[in-house]
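I opened my notebook to look up a few things in this structure. Here is what I wrote down, entry by entry.

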Amino acid sequence: MEKITLSVIKADVGGFVGHSSVHEDLKAVAREKLAEAVKAGTLVDFFVANAGDDINLIMTHRRGVDNPEIHQLAWQTFEAATKVAERLKLYGAGQDLLANAFSGNIRGMGPGVAEMEFYERPSEPVIVFMADKTEPGAWNLPLYKMFADPFNTAGLVIDPKMHDGFSFEVYDLIENKRITFSIPEEIYDLLVFIGAPGRYCIKSVHSRTTGDIGAVSSTERLNQMAGKYVGKDDPVCIVRTQNGMPAVGEALEPFAQPHLVAGWMRGSFHGPLIPSAMKDATPTRFDGPPRVVALGFQLANGHLGQPMDFFADQAFDRARQTALEIADYLRRLGPFEPHRLPLEEMEYSTLPLVMKKLTGRFEPIKK
Ligand code: F6R
Ligand code: MG
Ligand code: MG
């Protein structure tokens, strides 16, 4: 049996209206491009989704991760969508396409990438999580709960296929280094780092029982790549579920208690991550609050079939209400921390430009 690769590649190539959503014409042109690739035999299947103003290309194929043809296909699809965005004068048309031309691998060129290759199990339920108005570290807390917290995931205690735990690969996005922790023994060591989601991000999770990959996230930092404020990374994350992995309900459970993430308004504010149906993932208030969409797919020989829009369910209504209450409270703080991000994290916002103007005004304080 051949392995299947699930690639989720995303970009914001123009918002409708402002930074709120994706215009249907952009999704239509993306579908056209990817349908051609299915006909040509490059892709097995695809689904074009969006979370807020980000287009998510969910693709299956047999070419492995980091495949130049698949990355080029995604790049060209975003270019085609950019053309439509320019014609419609959408906001920030082509925003995340930082390079002028494609050069072999889409990583580092602006879009976010999460890919995994695996043997499709007899039944292969996967969830694609997609966020808007936040950064890759937003997945740290939910991934920890899914794969390491027995209060969230009952299977860690009662399923022999999960009882040996998982290994967590963590990226240091500032120094470009990585480290792997064995869980549960090294939970405390892991938490030292992933509790600082602005710098350390969980890149992937593997089963220690089978060695199988369980989760992978996009860790691209847009502003670092661009060297200036462009927009937020708006990351994606793929999670395999059931039969030795967290059950679907264990993978969704962390989002029932909305956590605070960085990335609201101008990429500069903390806000609650609201679980949303795809149609409701349309950041409005204060350009937010941040959203997360979860689409489930039941793979069948690489075919994605119809997605299940998990957060459309009423079971997440209360989480949404809680998140809105948190939002009300935080908004009262206006431009003050901790609603606004700490200064070091504002480095890639537009604030340093304002501060620079005032540097000459500072005088030494006499003792
Ligand atoms: C974009 C975002 C928005 C913008 C804001 C200002 O990712 O989060 O909040 O930063 O709308 O955009 P400009 O500066 O383009 O007017
Ligand atoms: Mg945008
Ligand atoms: Mg976005």
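**Entry 1: the magnesium ion (ligand 2)**

I began with the donor spacing along the sequence, which for the magnesium ion (ligand 2) reads D-x6-H-x33-D. The model is a predicted one, so I treat every distance below as computed from it. The donors themselves are Asp12 (OD), His19 (ND1) and Asp53 (OD), at 2.0 to 2.3 Å from the metal. I then looked up how covered two of these donors are. Asp12 has a relative accessible area of 3% and is buried. His19 reaches 26%, so I noted it as partly exposed, since buried means under 20% and exposed means over 50%.

**Entry 2: the magnesium ion (ligand 3)**

Which residue bridges the two magnesium ions, ligand 2 and ligand 3? I found Asp53 in that place, with the ions lying 4.4 Å apart. The magnesium ion (ligand 3) is coordinated by Asp53 (OD), Asp54 (OD), Asp132 (OD) and Asp234 (OD), at 2.0 to 2.1 Å. Along the chain, these donors follow the spacing D-D-x77-D-x101-D. The pair Asp54 and Asp132 links distant parts of the chain: Asp54 sits in strand β3 and Asp132 in strand β5 (residues 124–132), 78 residues apart. I checked the cover of this pair too, and Asp54 and Asp132 are both buried.

**Entry 3: strand β1 and its partners**

Next I turned to strand β1 (residues 4–11), where 8 of the 8 residues are buried. Are the faces of β1 covered or uncovered? Both are covered: Ile4, Leu6, Val8 and Lys10 are buried on one side, and Thr5, Ser7, Ile9 and Ala11 are buried on the other. I was glad to see Lys10 listed there by name.

I looked up the pairing of β1 as well. Strand β4 (residues 112–118) runs antiparallel to β1 and is joined to it by 7 bridges; Ile9 has Val113 as its bridge partner in β4. Strand β3 (residues 54–61) also runs antiparallel to β1, again with 7 bridges, and here Leu6 is partnered with Thr60.

Still in β3, I stopped at His61. This residue counts as buried, at 0% relative accessibility. A polar atom of the His61 side chain lies 3.1 Å from the backbone nitrogen of Arg63.

**Entry 4: helix α3**

I then checked helix α3 (residues 140–148), which is mostly covered, with 8 of its 9 residues buried. The buried ones are Asn140, Pro142, Leu143, Tyr144, Lys145, Met146, Phe147 and Ala148.

**Entry 5: salt bridges**

How many salt bridges does a search of the whole structure find? My note says 21. I followed Arg221, which forms one with Glu135, the closest N and O atoms being 3.8 Å apart. This pair links distant parts of the chain, with Arg221 in the loop between β9 (213–217) and α6 (222–226) and Glu135 in the loop between β5 and α3, 86 residues apart. Arg221 is buried at 15% relative accessible area, and Glu135 is buried at 3%.

Arg221 also forms a salt bridge with Asp233, where the closest N and O atoms are 3.4 Å apart. Asp233 lies in the loop between α6 and β10 (236–240), 12 residues from Arg221. At 8% relative accessibility, Asp233 counts as buried.

I looked at one more pair, Asp328 and Arg285, whose closest N and O atoms are 2.7 Å apart. Asp328 is in helix α9 (residues 317–331) and Arg285 is in the loop between β13 (274–275) and β14 (291–299), so the salt bridge ties together parts 43 residues apart in sequence. Asp328 is partly exposed at 35%, and Arg285 is partly exposed at 36%. I also noted a network of salt bridges that links Asp66, Arg107, Glu115 and Glu220.

**Entry 6: at the surface**

My last stop was a nonpolar surface patch formed by Val354, Leu358 and Phe362, with about 320 Å² of accessible area together. Leu358 lies in helix α10 (residues 351–358) and counts as partly exposed at 36% relative accessibility.

I also looked up Asp164, in the loop between α4 (155–158) and β6 (166–172). Asp164 is partly exposed, with a relative accessible area of 46%. Its C-alpha atom is separated by 9.6 Å from that of Ser182, 18 residues away along the chain.

Terms used. Residues numbered from 1 in each chain as written. Chains lettered and ligands numbered in written order. Predicted model: local features only at pLDDT ≥ 70, side-chain atom pairs only at ≥ 80, totals over all residues. Heavy atoms only, no water. Buried < 20%, exposed > 50% of the residue type's maximum accessible area, 1.4 Å probe, protein only. Helix = DSSP H or I, 4+ residues; strand = E, 2+ residues; numbered from the N terminus. Pairing = 2+ DSSP bridges. Donors = N, O, S within 2.8 Å, 3.2 Å for Na, K, Ca; no water. Patch = residues over 30% accessible without salt bridge, like charges linked within 9 Å, V, L, I, M, F, W, Y side chains within 5 Å. Areas by Shrake-Rupley, 256 points an atom, 1.4 Å probe, with all protein chains shown as cover. Salt bridge = Lys/Arg side-chain N within 4 Å of Asp/Glu carboxyl O. Polar contact = N/O pair within 3.5 Å; in protein donor to acceptor, adjacent residues only side chain to side chain.
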